[in-house]
Amino acid sequence: MSIPDTQHPDEARPPGPPDAEPARGVIPHQAPTPLGRLVATVERLRREVREAHAAADGRALVELAKGILIGQLSCTPAAAARQLDDLCRDTGLSPLELAADIVNQAARDQVSDVAAEFVERTAGPGPLRPPPPAAPAVRPDTVAVRLRTAESGMLAVAADTQAVAESLLTNALAPLGAAAVAVWTAAPDGSLALAGHAGFPPGEAARWRHVPPGVSTVARLALQERRLVAVARLKRDGLPSIGHLQWPDGGRMAVPAGTGGRIHGVLEICWPQPLPPQPPRIERQVEALAELCARTMDTSPAADPAAVDTVLPDVRELIDLAEGLHDPAVVLTPVLDPDGCLTDFRIRHTSSRFVDPVGRPRGDVNGALLLEAYPMAAGESGLFDVVERVHATGEPFRAERMGLTALVDQIPLTSVADISVSRHGAAVLLIWRVEDETARLADLLQHAQRLGRIGGFEENLLTGETTWNAQLYALHGLPPTASPVRLRELPDYTHPDDSAALGRFLRAVLRYRRPASVNLRLQRADGITRHVRVVAEPVLDADQGLYAVRGAYQDISAQHWTEVALAATRDQLAHTAAESAERNRLALQLQHAIMPPTPHAVDAPGLRVAVRYRPAETESLVGGDWYDTVVLPSGLVLLSVGDVAGHGIEAATGMVVLRNALRGLAVTGAGPAQLLSWLNTVTHNLAKHVTATAVCGLFDPGTRVMRWARAGHLPPVLVRGAEAEAFPLIEGLLLGALPDVRYAEREVQLEPDDTLLMFTDGLVERRDSSVQDSLGHLVQAAAACSGDLDGRLDRLLAGSRSDTDDDTCVIGIQVG
């Protein structure tokens, strides 16, 4: 056969005679190549194959409707065909739409219910997005046609899951706007395998052929929750899945595909665009498609739900396996309603080692329904929910100390058991090990003895036989094969200083037949000494004769050494407390000697000074802040405040040097700027590793003029009447930073009743605020304070917002 001369669409010749010259300015098309003709031919053949498959699926649906008419009318195939043509002519429906309606009426399955629901709600919007205003209304029959056509195509290729996926996309999902579909099969270990796909590139499908357990994908989420899951935007939700690179902003919908209560896999549908919230009828259509898909995936042998006595071969093998297990086991099979939905589980067999949690015999449980035998299992996250999940997904379940509740005379009784549930073919194997009370108490006692380091013994005085437990052998440092030490031999293993106490203990137990206890030092063969407490009680026979002694050893070595350490600690604490009290007393004396809590009165007319000092160092109670007020020989009053970097004794030592140096330099009659320049030289050269800030002022009582200078310190605050204002900042580097520094000097005219505040940064500094903001807050607080000078300073110190744990010093100078 000859291949027609077909061109690729991109290689089409322009209209005109074959040999015509191309128009001027027009680039002529290249002549068709053999490769281009081959590509076009292959594309045309593929399109024809798809159209043929779609037509075949439609013909299969029509033929199925003819078969139904033959059965209902008892007519020949030709008569059924004529009847179908007459019905099409009378109803105005196409043969495909009429065939879908006939199959729906005959089947009465989920597809029929979905089609009927859509017919009742035809007034609603389109399936995926509202149609444009000019779009024609969606015909109700198209839903049934799509679903039934998809069913026909899937049944025709039921053994080929890949063909099933292609039929789903072509016949049912593409009309909904879907771009691709993936069919996953679920394994009992929780993994997913890509059994069929359509619409995805081959390379993408190869990368997603297997999803290990625990990987969170859209299909995995639907399998875990056992319900339909819709994702509006795949990228926004952050769930990886097949095709997320092709359509990162597209929507997804995944629904478990199962039959008879068992989930065989997941049907996942991909849309290229974001998926808006879907109406319930669209979700019903997708669930119906998942059920159709599950029918082709179910390879288990079919059983009549009504035949409850039928036992499949795999169930018989599971019963034999349950009998061979050491633990109690129960074999369960699903119970389905006429619609194929799971309603309960039948207890097919209980093994010979089965122990009912409430003590019922096996005969009362065998053959019963699970919810009838254990109705309390229907609670949320109860036993029934666990068995149903395992039966649906195939993933085994394990749990320790799970509560099992049963009703006895309408009284709920709960027992504890270790649970194991697994699916085997069509049945479920449930293994539970009810906790035995005697074994539980023995285990509890063993753990208690181990935690309490207790070893038990019993000595038969008639036979001389002595029984120890493992803890007692370990306490004595003996191997388990060694002979136990009898009570009368105990003096040979104890410290000589404990002989008297041990003798009184033995006489009390063996001679006077009274319970007794004793603390002693046990000397072991390996040279280790253990402090132990021995408790014993006599065991008397019917004639009140002593025939045995039982008791216990407890290792109290840790307690003994703890008591010794506590005693030594108490002595040390008492000594430390005495030393601390003496150190605090001396530190307080040192503080008062350096910085008196109440400054000496200044012998200057019309001037009153008050001081408040709060050190940050709580251990030594001294800090680096300092102040000084003194009348100089010239009649001027020296007012100064400073802050040495650091806290404690070292900062206080540097503070004493600077304070005394400034006082001595002030006698020279120099101004504040010169005094700070000299003090900087002293700080840099004589006081090693010390930096400080300071404010120095000279007040003339006669003129009320104050000259002042600053070295890296905050300026004073002047309070006049109901207003307050900080002095303007002037240049001045902190003390000790450079060897030669010059400082600026300013004059301020004070008036009667003015109050001048000089302070250190510990009064205003905060970690979350700038210095200027903190200074502004202090200015506002100073303006709001009223009363005498002492009351003002107390309120400023109490309302301080500082949180830097720095020393604080504030001086108030009131002009008369």
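**Note on the predicted model: sheets, cores and cysteines**

1. Five strands form an open sheet in the order β17-β26-β25-β22-β23, with antiparallel pairing; strands pair if DSSP finds at least two bridges between them. Helices (H or I, at least four residues) and strands (E, at least two) are DSSP runs, numbered from the N terminus. The edge positions belong to β17 (607-614) and β23 (723-726), each of which has a single partner strand, so one side of each is left without a neighbour in the sheet. From one strand to the next the twist averages 20°.

2. This is a predicted model, in which local features need pLDDT of at least 70 and side-chain atom pairs count only at pLDDT 80 or more, whereas totals for chains, interfaces and linings use all residues. Residues are numbered from 1 along each chain as its sequence is written, and side-chain values use heavy atoms, with hydrogens and water left out.

3. Within the five-stranded sheet, β22 (residues 717-720) and β25 (residues 755-759) run antiparallel and are joined by three bridges. Val719 stands opposite Thr755 in β25. Helix α20 (residues 771-784) lies across β22, β23 and β25, at about 150° to β23. Helix α21 (residues 789-798) also packs on the sheet, where it touches β17, β22, β25 and β26 (808-815), and its direction makes about 25° with that of β17. Contact means heavy atoms within 4.5 Å; axes are lines fitted to C-alpha atoms, for helices over the stretch in contact, and angles run from 0 to 180 degrees between N-to-C directions.

4. A further open sheet has six strands in the order β3-β2-β1-β6-β5-β4, with antiparallel pairing. Its edge strands, β3 (210-211) and β4 (229-231), each pair on one side only. Strand β2 (residues 192-198) is joined to β3 by two bridges, and Leu192 stands opposite Val211 in β3.

5. Strand β5 merits separate comment. Seven of its eight residues are buried, that is, under 20% relative accessible area (exposed is over 50%, partly exposed in between; 1.4 Å probe, protein chains only). Three bridges join β5 to β4, with Ala254 as the bridge partner of Val229. β5 and β6 pair over eight bridges in the antiparallel sense, and Ala257 stands opposite Gly265 in β6. Two residues separate the strands of this hairpin, in which Gly260 takes a positive phi near 60°. Helix α10 (residues 280-297) lies across β1 (180-186), β5 (252-259) and β6 (262-270), at about 45° to β5.

6. The largest nonpolar core (buried Ala, Val, Leu, Ile, Met, Phe, Trp, Tyr and Cys residues joined through side-chain atoms within 4.5 Å) has 30 residues, and those with the most contacts inside it include Trp626, Leu675 and Tyr743. Helix α18 gives the most to this core, with seven residues. Another core, of 26 residues, lies apart from it and includes Val181, Met253, Leu289 and Met297.

7. A search of the whole structure finds zero disulfides, a disulfide being a pair of cysteine sulfur atoms within 2.5 Å. Cys341 is partly exposed, with a relative accessible area of 42%, whereas Cys785 counts as buried at 13%.

8. Overall, the chain has 21 helices and 26 strands. Of its 816 residues, 42% are buried. Among contacts between residues at least 6 apart in sequence, 60% join residues at least 24 apart.
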